[in-house]
Amino acid sequence: MGKYYITTPIYYVNDEPHIGHAYTTIAADVLARYKRHRGLQVLFSTGTDEHAQKVRQAAEKKGLAPQDYVDQLAASWKKVFSFLEVEFDDFIRTSEPRHKKVVQEFVSRLYASGDIYKGYYEGWYCFWDEAFFPESEVQERKCPDCSRELQWMKEENYFFRLSKYTQPLLEHFLANPKFVEPEIRYNEMLNILKSGLRDISISRSTITWGVPLPFDAQHVVYVWVDALLNYITVAGWLDNREKFTLFWPADVHLVGKEINRFHSIIWPAMLMAAGLPLPKKVFAHGFWTKEGQKISKSLGNVIDPLKVVQDLTQYTGNERVSVDVFRYFILREVPFGADGDFKDASLELRYSADLANDLGNLLNRSLPLIEKNFAGSIPEGRPDPVLGKEAERTVALVEEHMGDLAFSEALNSIWAFLGTLNKYLDERAPWRLAKEGKTEELGDSLFNVAEGLRFSALLISPFMPTTAQLFWESLGLDGEVKKAIWDRELVWGKLAPGLRISKKPPIFPRPGKENP
Ligand code: MSP
C-alpha cells in the first residue's frame, strides 16, 4: 500500500478562519479523501501557528496569558474545520511539547554543524508579518506586504546560512521542474534563486513568547522556522522512526502564493542542512477576492465560511448539504492555482444549474421511476457498453486531474458525465418504455441510470461527502461511501439488482419551488 502525506499551512491562531483558510484546508481534505479512495495510507495535517507576536499581543489585549488564549482559539479553529467536513489526521499546534522538542533538536543540530551562527541584524521589520524587508523594497516605512508601519530593528541574532544552499537549491529546482507548482510560482522562485540568497536571522532576543534556543536561552526561535518544522513533527521525526520513514518526505505542501518562498526556498534549505529529504512538491494556490476587491478586515468584506453555509441552509434546509455546496463552489469555480473572485451571483448560479439541476434532478427523476415500475428495487439490466466506456473514461480523466491537483477540471469531467447520464435518461425515456410495456428495455435503462448514479456518488465523494452518502443510501447501498476503494467499486455493471432504493426529499431544493 502506498502512502500520501499532505499538509496545509498552520494558521495564525488569532485570526478568525475565513474563506482563504477554508480554501486551502478543504482542497487538502478533498485530496486526502481522494487518496484514501485510491487505497493509500494518508496522513493529512493542518493546525495552528501559535508563537507569533500578533498572537501574544492579542492575548495581552484580552488580559490573558498567551497559552490560555491560544488554547481557546485552537479549539475553535478545530471546530470550524470539522464543521466544514475536514477530516484531518493530525491537528498540530506549535505550542505543544512534541513540537517544541523537535524545534530545539533541529536548531541544535544546525548549530552544531555550523549552519547556525551568531551575528547582528539591522533592518526594517514588520511585527505583523514577522519579517525583515530589504531597504530597496521599503517606501515610507510601510510594510510592502500589509502596509503597516515598519520598525527599525537592531538586534543580536542567530543566523541560518541560507546563502550556502543557493546552488544546491538551484540544482534541485532544475532537476525537478515540478517541485513547485503552478509554473508561474516555480519561475518566481527560480528567479529568486538565480539572484542569490542571503543568510537569514532565525532568532529573536526582544521577545519571550516562543521556543527558547537550547544553546542561548536569551533568544526564541524565529516564528517561521518554528512553524515550518511542524511538518516533520507531524511525521514523527524524533519520536516515531517508523512513522517518519513511512511518511517523510511529504508528498505535497499546499500553501497560498504569499508564503511560497518560505516553503519552496527556506524550508528546503533547512532540510538540506539537516540532511533530510525534501518534500516532493509545494503547490502554491491563488488568492480569493470578494466581488473584485481584495479581502481585508478594514474593508469589512471578509468571507466567513460559516455565514455562507448558514445562508445556503435557507435553501437546502440541511447544514451538511450546505457545507457540500460551499466545498463544491470554491473548488469548481476557479482553477486551482489561479486567483479567484467570490461572487454571490456565481454561487447562486452554480447551486441552481450544477447542483439542483444536473446532479440533484438526475436522482429526483430516476428514483420514482424505479419505485413505480420495479416496486422500489434496482431492476436487472444489461450494462450499457457505451455508457460504461464513458464512465471509465470519466474515471481516468478524474484520476489524471486529481493527480495534477486540478480540482475544477476533475469536477468538469464529472459534470460532463452527469450530462451524458441526463441525456441517456432523456433519450431512453423509460416513462415511454413503461407505457409501451417494454419491460426488458425499461429494466436496462433504469439499471444503467442507477449504475451511473452509483458512479457519480463515488466520484463526488471527496468533494461532497454528505451528498455522496445521501446518493449512496438512496440507491440502497450499505456502509459509508467515503470508505469505498475506487479500484474495486468503479467497475461498470457492479451494481447489484434487487437493492431497495430509498427515496428522500430533494437534496438541492430550488429556491422558491420545493422549499419556500
Ligand atoms: N502561519 C503562517 C503559515 C505557516 S506555515 C508553516 C501563515 N498563516 S495565515 O494564517 O496567514 O495563513 C496563510 C494562508 O491562508 C495562506 O497561505 C493561504 O493558504 C490562506 N489564505 C489567506 N488568505 C487567503 C485568500 N484571500 N485567498 C486564498 N487563500 C488565502 O501565513
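Colleague: Which residues line the second largest cavity?
Modeller: Keep in mind this is a predicted model. The second largest cavity has a volume of about 40 Å³, and helix H4 gives the most to its lining, with three residues. By class the lining has three nonpolar, two polar and three charged residues. The names are Arg98, Lys101, Val102, Thr233, Gly236, Trp237, Leu238 and Asp239.

Colleague: And the largest cavity, how many charged residues does its lining have?
Modeller: That one has a volume of about 50 Å³. Its lining is Phe106, Val107, Leu110, Ile116, Phe160, Ile202, Val225 and Met270, with the largest share, three residues, from H4 (residues 97-112). By class that makes eight nonpolar, no polar and, for charged, none.

Colleague: Over to helix H6, residues 183-194: what should its twelve residues span?
Modeller: Take 1.5 Å a residue, counting one less than the number of residues. The end C-alpha atoms of H6 are 16 Å apart, which agrees with the expected span of 16 Å.

Colleague: Why do the buried residues of H6 sit on the same side?
Modeller: The ones in question are Arg185, Tyr186, Met189, Leu190 and Leu193. An α-helix has 3.6 residues a turn, so residues three or four places apart point the same way. Here the buried residues of H6 are on the same side because they cover an arc of only 140 degrees around the axis.

Colleague: What do those buried residues of H6 pack against?
Modeller: Two strands and two helices turn up as partners. The strands are S7 (180-181) and S13 (282-285), and the helices are H5 (166-175) and H10 (260-274).

Technical notes:
Residues are numbered from 1 along each chain as its sequence is written. This is a predicted model: local features need pLDDT of at least 70, side-chain atom pairs count only at pLDDT 80 or more; totals for chains, interfaces and linings use all residues. Side-chain values use heavy atoms; hydrogens and water are left out. On a 1 Å grid over the protein atoms alone, a cavity is a set of points where a 1.4 Å probe fits but cannot get out, and a pocket is an open set with protein on both sides within 12 Å along at least five of seven lines; lining residues have an atom within 4 Å of a point. Grid points are joined across faces, edges and corners, and a volume is the space filled by probe spheres set on the points. Helices (H or I, at least four residues) and strands (E, at least two) are DSSP runs, numbered from the N terminus. Ala, Val, Leu, Ile, Met, Phe, Trp, Tyr, Cys and Pro count as nonpolar, Asp, Glu, Lys and Arg as charged, and the others, Gly among them, as polar. Buried means under 20% relative accessible area, exposed over 50%, partly exposed in between (1.4 Å probe, protein chains only). The arc is that of the directions from the helix axis to the C-beta atoms. Contact means heavy atoms within 4.5 Å.
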